[in-house]
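The following paragraphs walk through a single model, going from its overall make-up to its cores and then to the packing of its helices. It may help to keep the structure in view while reading.

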Amino acid sequence: MSNSDQDSQKSQLKSGGSDSTNTARHRYDEQGRRYHNRSDAAYMLPNDDEEIDRVHMQHWVIKIAFQGNFHAPVHEQLEQGITVLDGGCGPGTWSLEMAETYPQSKFYGLDISEVFPTAIKPVNCDFQVHNIAQPLPFPPNHFDYIFQRMVVLGLMRDEWDVTLKQYMEAVKPGGWIELTEVNIPDSVNAGPKLSILMNTLGEVANKKGLFPSVSFELEKKLKEIGCVNTYSRRIDVPMHHGGKIGDLLWEDFLQAFRGLLKPFVVKQYPELDDDDAYRKFVDDAGKECEEYGNLIIFHRAYGQKPTTTA
């Protein structure tokens with residue numbers, strides 16, 4: 001199947017969308033990258049095949065960094081069989097892997113774009129097009145475990161509390177909510193060129209109304225919605241050094257640096273308007289990561305819904 005055929009197939013939404021509405025559903029930038037065109041969703045990265053590949057790669061970076069797909073104490077429950085929500089699932093990499101590992105459990109994934117598989121997938125894994133910042137299409141007390149990660153560039157600052165409160169309503173008493181995010185723009189041992197790129201990414205996100213530094217507040221936010229038995233862990237991951245994980249993490253950020261950020265960087269540094277000059281600047285930022293020993297900050301937090309209400 002060709003890429004155009006795949007894109008056409010992906011455009012068939014469960015709601016009955018067709019190719020005739022594809023123009024309204026997507027928009028394209030000057031480089032031909034495809035983005036969602038939803039007015040109710042803040043996600044600022046593409047939703048094309050290249051982005052799907054990036055998110056698949058990102059899955060392995062996070063899994064290796066945290067030495068596993070999750071930290072909440074739900075392993076035994078997953079083996080016995082529980083109901084799980086993957087909020088902002090993207091191409092569904094986490095849900096698909098978890099569904100194969102825990103065949104007794106049922107996994108549901110939600111995302112604003114139909115970039116997940118609709119036909120070839122485990123029988124215990126289903127996906128649906130839905131914006132997690134909108135009321136969830138599930139009844140209260142439905143899930144035993146809710147998992148969300150890497151939506152830092154997908155939720156508006158004021159949508160975080162709304163979304164987490166919805167999760168709290170959707171999870172069963174005694175159930176768990178787990179969140180994983182990267183921090184933007186601060187990192188450890190950033191060189192001057194990388195600092196320009198990361199600070200620009202943070203500024204763009206802030207101007208859009210996103211919450212780029214939310215990773216530092218994950219546990220706090222879980223407590224604010226009423227979670228108990230909370231836990232938080234910080235992992236500093238090498239970028240462009242430290243072996244395969246560092247290479248993969250650099251590739252992850254590289255797509256944003258080369259595509260999304262260039263117009264904003266050039267506004268401050270017009271001398272980088274030339275494509276070759278900008279590419280060299282980004283490549284030099286990568287070399288700085290190795291020279292300075294740069295580390296990207298990730299946080300993971302989880303909490304439990306009380307079994308009884310006071």
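The protein chain contains eleven helices and nine strands, and the model that shows them is a predicted one. Of the 310 residues in the protein chain, 54% are buried. Among contacts in the protein chain with a separation of 6 or more, 71% are accounted for by residues 24 or more positions apart.

Where do the buried nonpolar side chains gather? The largest nonpolar core has 65 residues, and the ones with the most contacts inside it are I177, F257 and F298. Helix 9, which spans residues 244-260, gives the most to this core, with eight residues. If residues up to four places away in sequence are not counted, F298 touches I62, F66, M150, E181, V182, R233, R234, I235, V237 and L249. Another core, of 20 residues, lies apart from the largest one, and V84, M98, C125 and F127 are among its members.

Helix 9 also packs against helix 11, and the axes of the two come within 11 Å and cross at roughly 150°. Because angles over 145 degrees count as roughly antiparallel, helix 9 is roughly antiparallel to helix 11. The crossing in which helix 9 passes helix 11 is right-handed. On the side of helix 9, W250, L254, F257 and R258 take part, and they meet Y278, R279, V282, D283, A285, G286 and C289 in helix 11. Divided by class, the residues of this contact between helix 9 and helix 11 are seven nonpolar, one polar and three charged. F257, named here in the contact with helix 11, is also one of the residues with the most contacts inside the largest nonpolar core.

A second partner of helix 11 (residues 275-292) is helix 7 (residues 192-208), and here the axes come within 7 Å and cross at roughly 115°. Since angles of 65 to 115 degrees count as roughly perpendicular, helix 7 is roughly perpendicular to helix 11. Helix 7 passes helix 11 in a left-handed crossing. Helix 7 makes this contact through P192, K193, L194, I196 and L197, while helix 11 brings Y278, F281, V282, D284, A285, E288, C289 and Y292. By class, the contact of helix 7 with helix 11 comprises ten nonpolar and three charged residues, with no polar ones.

Read together, the two contacts share part of helix 11: Y278, V282, A285 and C289 appear in the contact with helix 7, and Y278, V282, A285 and C289 are also met by residues in helix 9.

How values were computed
Residues are numbered from 1 along each chain as its sequence is written. This is a predicted model: local features need pLDDT of at least 70, side-chain atom pairs count only at pLDDT 80 or more; totals for chains, interfaces and linings use all residues. Side-chain values use heavy atoms; hydrogens and water are left out. Axes are lines fitted to C-alpha atoms, for helices over the stretch in contact, and angles run from 0 to 180 degrees between N-to-C directions. Helices (H or I, at least four residues) and strands (E, at least two) are DSSP runs, numbered from the N terminus. Angles under 35 degrees count as roughly parallel, over 145 as roughly antiparallel, 65 to 115 as roughly perpendicular and the rest as oblique. A crossing is left-handed if the near helix is turned anticlockwise from the far one by less than a right angle, and right-handed if clockwise. Contact means heavy atoms within 4.5 Å. Ala, Val, Leu, Ile, Met, Phe, Trp, Tyr, Cys and Pro count as nonpolar, Asp, Glu, Lys and Arg as charged, and the others, Gly among them, as polar. A nonpolar core is a set of buried Ala, Val, Leu, Ile, Met, Phe, Trp, Tyr and Cys residues joined through side-chain atoms within 4.5 Å. Buried means under 20% relative accessible area, exposed over 50%, partly exposed in between (1.4 Å probe, protein chains only).
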